[in-house]
Amino acid sequence: MQIIQDTCMRNSNRLWENVCRCTKQLCSLVLKFIFPSLYCAICGNIIDETRPYCLCDHCRNHVGWKLEEPYITNVLGNQINCISCCSYGLYERRLIFRLKYNKKRSTAAIIGEIVADRLKHSDLEYDIIVPVPMEKSKEKQRGFNHAFLIAKEAGKILDKPVVEHALIRTKKTVAMRGLGPSERRANILGAFALGREARKIKNKRVLLFDDICTTFATGEECIRILLDAKPDSVDFIVFATKIF
């Protein structure tokens, strides 16, 4: 009889513990829904929903925002207009790395909104957005192409189609960090080819997107390949850059 009573008591205590745990979880979810806590995407400090781009005032003020006129370069006799959203510094790098290496996919929507706002304040004319592709094994390891995720979010806001497979990456390249300009060009040469959706860019005004640009070697090579598909024009936007 005592054994039965002890068993019933243990079961009763276990049931009560489960009820308390579930109630606590439910209350936590309800409180988060009613009083959502937002965190700065760069430093993690608590902010409210009125902060633009989910950034606290400190971090937003330390981002090197850019609204300059397009940097004009030439690729195979074609004029290419290049614009950037911000400089490539500590705060911008933290935001990009949050997506690329910490795999916080919600960051793509934040950066996409920044890209969309930058394009709204530019005179660039374009029909479609093409993200710089990743090498297949690297994309599989990461689980996504961050440039595509950002471009897709910007495209939603701007109501512009994003053509993910206009370009493909055909070979692995070594990390650009530590390479000089000529070494970077040699490293990236032959790394891209037209993809299965390349036909979609024929006679279209194409906007190439990349997250970071330090020497324009990758952007220039992608543009060179895109021009083989006979677009009407190709321009370039990057989230963060050191050169324009």
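**Exercise 1. Start with Asp159 in this predicted model: decide whether the residue is buried, partly exposed or exposed.**

Solution. Take the relative accessible area of Asp159, which is 70%. The cut-off for exposed is over 50%. Asp159 is therefore exposed. Next, place the residue along the chain: Asp159 sits in the loop that links helix H6 (146-158) with strand E6 (167-169). Finally, look at the backbone, where phi is positive at about 60 degrees even though Asp159 is not a glycine.

**Exercise 2. Now do the same for Cys54: is this residue buried, partly exposed or exposed?**

Solution. Begin with the relative accessible area of Cys54, 23%. Buried would need a value under 20%, and exposed a value over 50%. Cys54 is therefore partly exposed. As for its location, find strand E2 (46-47) and helix H2 (57-62); Cys54 belongs to the loop between them. Its phi is near 55 degrees, again a positive value in a residue other than glycine.

**Exercise 3. Work out how strands E3 and E4 are arranged, and how many bridges join them.**

Solution. Locate E3 at residues 71-75 and E4 at residues 78-87. The two strands run antiparallel and are joined by five bridges. To trace one pairing, go to Asn74, whose bridge partner in E4 is Gln79. Then follow the chain around the turn: two residues separate the strands of this hairpin, and Leu76 in the turn has a positive phi of about 55 degrees.

**Exercise 4. Step back to the whole chain: how many helices and strands are there, and what percentage of residues is buried?**

Solution. Count eight helices and nine strands. Then turn to burial: of the 244 residues, 43% are buried.

How values were computed
Residues are numbered from 1 along each chain as its sequence is written. This is a predicted model: local features need pLDDT of at least 70, side-chain atom pairs count only at pLDDT 80 or more; totals for chains, interfaces and linings use all residues. Side-chain values use heavy atoms; hydrogens and water are left out. Two strands pair if DSSP finds at least two bridges between them. Helices (H or I, at least four residues) and strands (E, at least two) are DSSP runs, numbered from the N terminus. Buried means under 20% relative accessible area, exposed over 50%, partly exposed in between (1.4 Å probe, protein chains only).
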